[in-house]
Amino acid sequence: MAKSHSCKICFKANLTKDEIGATKKLIDKNAKEFFCIDCLADYLGCTVDELLEKIEEFKEEGCTLFK
């Protein structure tokens, strides 16, 4: 069974693979603590929509952090 991760800022439980992948891709590939999409967008100074678009781009490029 996969380990459940929660957001290090708001403590939202059960983060998605996209939230975990985005934290690893944009913050630290060896991250042990993760952000939810809302907190990551706030941390990076962008909108949630911009972040979601970037995640889709990473997926289209074949980034393995989102599999």
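At 61% relative accessibility, F11 counts as exposed. This residue of the predicted model lies in the segment before helix α1, and it offers a convenient place to begin. F11 has a positive phi of about 70°, although it is not a glycine.

The segment before α1 also holds N14, for which the backbone phi is likewise positive, at about 55°, although N14 is not a glycine. N14 has a relative accessible area of 54%; because the exposed class begins over 50%, N14 is counted as exposed.

A further residue of the segment before α1 is K12. Its relative accessibility is 35%, so K12 counts as partly exposed. When neighbours within four places in sequence are left aside, K12 is in contact with H5, S6, C7, E19 and C36. One of these partners, E19, belongs to α1 and takes part in the contact of that helix with α2. K12 can also be placed relative to I37: these two residues are 25 apart in sequence, and their C-alpha atoms are 10 Å apart in space.

From this segment the description passes to the helices. Helix α1 covers residues 17-26 and helix α2 covers residues 37-44. Their axes come within 10 Å and cross at roughly 20°. Angles under 35 degrees count as roughly parallel, and α1 and α2 are therefore roughly parallel to each other. The crossing in which α1 passes α2 is left-handed. On the side of α1 the contact is made by E19, A22, T23 and L26, and on the side of α2 by I37, L40 and L44. By class, this contact has five nonpolar residues, one polar residue and one charged residue.

Which residues of α1 are buried? They are D18, E19, I20, G21, A22 and T23. What covers the buried residues of α1 includes α2 and also α3, the helix of residues 48-60. Among these buried residues, E19, A22 and T23 also take part in the contact with α2.

The packing of α2 against α3 follows another geometry. The axes of α2 and α3 are 9 Å apart, and the two helices pack at an angle of about 100°. That angle makes α2 roughly perpendicular to α3. The contact is made by I37, D38, L40, A41 and L44 of α2 together with V48, L51, L52 and I55 of α3. Its residues divide into eight nonpolar, no polar and one charged. I37, L40 and L44 appear in the contact of α2 with α1 and again in the contact of α2 with α3.

The interior can be considered next. In soluble globular proteins, nonpolar side chains tend to be buried together. The largest nonpolar core of this model has 17 residues, of which L15, L51, I55 and F66 touch the most other members. The elements that give two or more residues to this core are α1, α2 and α3. The largest share, four residues, comes from α2.

L51 brings several of these elements together. Leaving aside its neighbours within four places in sequence, L51 is in contact with L26, I37, L40, A41, L44 and C46. Among these partners, L26 is one of the residues with which α1 meets α2, while I37, L40, A41 and L44 are residues of α2 that take part in its contact with α3.

Key:
Residues are numbered from 1 along each chain as its sequence is written. This is a predicted model: local features need pLDDT of at least 70, side-chain atom pairs count only at pLDDT 80 or more; totals for chains, interfaces and linings use all residues. Side-chain values use heavy atoms; hydrogens and water are left out. Axes are lines fitted to C-alpha atoms, for helices over the stretch in contact, and angles run from 0 to 180 degrees between N-to-C directions. Angles under 35 degrees count as roughly parallel, over 145 as roughly antiparallel, 65 to 115 as roughly perpendicular and the rest as oblique. A crossing is left-handed if the near helix is turned anticlockwise from the far one by less than a right angle, and right-handed if clockwise. Contact means heavy atoms within 4.5 Å. Ala, Val, Leu, Ile, Met, Phe, Trp, Tyr, Cys and Pro count as nonpolar, Asp, Glu, Lys and Arg as charged, and the others, Gly among them, as polar. Buried means under 20% relative accessible area, exposed over 50%, partly exposed in between (1.4 Å probe, protein chains only). A nonpolar core is a set of buried Ala, Val, Leu, Ile, Met, Phe, Trp, Tyr and Cys residues joined through side-chain atoms within 4.5 Å.
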